[in-house]
2 protein chains.
Amino acid sequence: MPGDKIINVSVRDVRFPTSLEQHGSDAMHTDPDYSVAYVVLETEAALKGYGLTFTVGRGTEIVVCAVKALSTLVVGKTLEEITGDFRGFYRLLSSDGQMRWIGPEKGVIQLATAAILNAVWDLWARVEGKPLWKLLVDMDPAKLISCIDFRYITDALTEQEALDILVKAKAGQKTREEQMLREGYPAYTTSCAWLGYTDQQLTQLCSDALAQGWTKFKVKVGADLQDDIRRCSLIRKLIGPDKTLMIDANQRWDVNEAVTWVTKLAEFHPLWIEEPTSPDDILGHASISKALAPFGIGVATGEQCHNRVMFKQFLQASALQFVQIDSCRVGSVNENLAIILMAAKFNVPVCPHAGGVGLCELVQHLILFDYISVSASLSNRMCEFVDHLHEHFKSPTNIRNAHYIPPVDPGFSCEMLEESVKKHQYPEGEVWRAIEKQGKL
Amino acid sequence: MPGDKIINVSVRDVRFPTSLEQHGSDAMHTDPDYSVAYVVLETEAALKGYGLTFTVGRGTEIVVCAVKALSTLVVGKTLEEITGDFRGFYRLLSSDGQMRWIGPEKGVIQLATAAILNAVWDLWARVEGKPLWKLLVDMDPAKLISCIDFRYITDALTEQEALDILVKAKAGQKTREEQMLREGYPAYTTSCAWLGYTDQQLTQLCSDALAQGWTKFKVKVGADLQDDIRRCSLIRKLIGPDKTLMIDANQRWDVNEAVTWVTKLAEFHPLWIEEPTSPDDILGHASISKALAPFGIGVATGEQCHNRVMFKQFLQASALQFVQIDSCRVGSVNENLAIILMAAKFNVPVCPHAGGVGLCELVQHLILFDYISVSASLSNRMCEFVDHLHEHFKSPTNIRNAHYIPPVDPGFSCEMLEESVKKHQYPEGEVWRAIEKQGKL
């Protein structure tokens, strides 16, 4: 289409001082300032695509630097060129003969790739006049497959197998789409029990959440066993035996320690233990999964699993029972499509990671696609929700009765309010200038 | 000691235009400009520590940005504080509650950690008046162990096991040290057969190398099977049946493709296939290892293996038969100590990755330590050597009869000639200004 050449990529470092109130605190990230590297693409015809990747404060400037480096590969391309060979464009960004050395497909450069590609998908969905989930759901399976780089995963999932999964799931798609528009996608809340919260805060927040219809709750654990026992006991009592409890250690333990510790929390019947150890430790997660299976506790991980090759192995090794895709850690929708399809092949439920800034806004599109067009199941499936910072988005999440109601605005829900961006730009925004003046951080 | 407080950390982006002549070209890095993020620590007493991490051109500025971010954790510490609890300092850098999100312990932030810690080790060795290998060899085993962060690897190697390995290897240490000073450590050459070289270049370089006493040769493969067959055949004929040939695909293949392709090169009897697939694919490397074992071909990998947790799994899964440590990819000496000790426990030889800029200068110290103080064996062991860019270092490698002669100058051999640094700083150095003027790159 005319005028769809990308002529500018801007990126800004936007931080929210969440550490002041211990929102988001866990066993490894004790003082997060929820942040984003915020990308805006602009076309000749003045169309815009918005994208972001999530960070937790210091280091966001490094991701910003990486986005600038990758931008040179984006400026000058038309949207049609990109989406006409999206696999090729993905490969261009992830496999640049010089920049791949500082990854490859991991860490800072992968986060930057995510931010840029999220913006491209946003632009594409806007041009098509659809929310991203609908763009995906309506897309021809062969076209969807053409967006995925199958390099390094063909031993687990071939293009043909991926296509077969999508074609097979066409049956009932319309019904599921209607169901989602009516009821929404089931969510769980992590807002009640951050590690830095007092028991009093926890009790209050949990009671409020119950009153609002929440039935699934996640608790941060891993810093102190006695604290964990007290907090899990408290929450289990508050929510009763039938509601769902999950626990999350944010990588705090070594393998054997994880098994010992979680065994002592088994009496509270958590559905899963999340991130028990290093996000890189596939074999470690497999050992933990095996040891905890007799207790009916699964292992969940993914928010720091850096690419499809790692997810492939987690699935091959039966190292997780819940796949926690993240919209900003891996290479955007392209790579998440690969992960969702591998999870379907291995018959493991996808339960996205969200929270932070914008992660809920983004990932709801992916999990709606998963249900409508891939897994066709809600069994053991739910999407994380954290009630923070949504007010900074133009199309914030819409939660009703603990369900994500499908977004209707065209795009990937990445666009932030310009006023919020300006206020929170680091270090020059007024919020940060005020904090500096008060000497708070 | 007085005056050992670090008061400044500087970092520069230094690039060499190696892509102009296809030095260093392989199946995935077709146009590398060998580069470093070059770090200089300065103490109150004006002592200096030099460190670097290796990159291949674009993206070096991102690593520079990350070094600057991590520097805030270094400035103000004394060398004594750092080396008195080096494990704690390592943890401080690798586990910062905000910055770990953009790793953790991988990609850009890990490369930056390597550069800084390499400089700290250089400073320490200078203060002790010893080359780094000698500092390590003379160090009390308990002190060595205290430099290692065992987090996430205790299921494979406990502190006690690591200590036992070091104590046991004390026997014969003096003899091995004398042997190294006399004979040097065996090396192999990669300089003869980069992918971008013509057959004529290859023949000439290989003949020259034979004349200089080289007996072990590595060939880049993976772009085109017929080319690979021709090149391997040519080299095997040149070197004869008794000398050692290794092949290196630099991650070009998927798992099944790797097995098929390498099987077709089996007639040339390569000792190993290096980086057959994604550096993240532990289970893939295990499959390839199993499939190639009947041909007597081992699997080697490590130059892009980002931390000890990944190496742990490669060893646990029998996914490699040669551990290729790199001095700049993981968390410096601290993490390489862990990897060397795990390799010893699993009885797998360490054959370091080198080349690039400064990698030979640095890694020779680690492999000397491995032989003298850990493995006590030269069986199936050798260190890579590439004859490029050594002239830019103050204490360049000294190769004699295809052996690395142990460095004698105090430090970690990281210091570059200030004139070289200034000339090659990117983009303002005169070398780059001249290239820009000529419009060559």
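**Exercise 1. Check whether the length of helix α9 of chain A (residues 199-211) fits its number of residues.**

*Solution.* Start with the count: α9 of chain A has 13 residues. At 1.5 Å a residue, these should span 18 Å. Now turn to the model, which is a predicted one: the end C-alpha atoms of the helix are 18 Å apart, so expectation and model agree.

**Exercise 2. Work out how the buried and exposed residues are arranged around α9(A).**

*Solution.* Begin with the residues whose relative accessible area is under 20%, the cut-off for buried. In α9(A), A:Leu202, A:Cys206 and A:Ala209 are buried. They cover an arc of only 60 degrees around the axis, and therefore sit on the same side of α9(A). The general reason is a friendly bit of helix geometry: an α-helix has 3.6 residues a turn, so residues three or four places apart point the same way.

Next, look across the axis. A:Gln200 and A:Ala211 are exposed, and they lie on the other side of α9(A).

Finally, ask what the buried residues meet. They pack against two elements of chain A, β5 (216-220) and α10 (225-239). As you leave the helix, pause at A:Gly213: just after α9(A), this glycine has a positive phi of about 100 degrees.

**Exercise 3. Compare the surroundings of A:Asn250 and A:Asn347, two residues with positive phi.**

*Solution.* First, recall the background: most residues other than glycine have a negative phi. Both asparagines therefore deserve a look.

Take A:Asn250, whose phi is about 45 degrees. This residue belongs to the loop between β6 (244-248) and α11 (255-263) of chain A. Its relative accessible area is 1%, so A:Asn250 is buried.

Then take A:Asn347, with phi near 60 degrees. Here the loop runs between α14 (332-346) and α15 (359-375) of chain A. The relative accessibility is 66%, so A:Asn347 counts as exposed.

Put side by side, A:Asn250 is buried, whereas A:Asn347 is exposed.

**Exercise 4. Locate the cis peptide bonds that lead into B:Pro104 and B:Pro427.**

*Solution.* Again, a reminder comes first: most peptide bonds are trans.

For B:Pro104, the partner is B:Gly103, and omega of the cis bond joining them is about -15 degrees. B:Pro104 sits in the loop between α3 (86-94) and α4 (107-128) of chain B.

For B:Pro427, the cis bond comes from B:Tyr426, with omega near 0 degrees. B:Pro427 is in the loop between α16 (418-424) and α17 (430-438) of chain B.

Methods: Residues numbered from 1 in each chain as written. Chains lettered and ligands numbered in written order. Predicted model: local features only at pLDDT ≥ 70, side-chain atom pairs only at ≥ 80, totals over all residues. Heavy atoms only, no water. Helix = DSSP H or I, 4+ residues; strand = E, 2+ residues; numbered from the N terminus. Buried < 20%, exposed > 50% of the residue type's maximum accessible area, 1.4 Å probe, protein only. Expected span 1.5 Å × (residues − 1). Arc of directions from axis to C-beta. Contact = heavy atoms within 4.5 Å.
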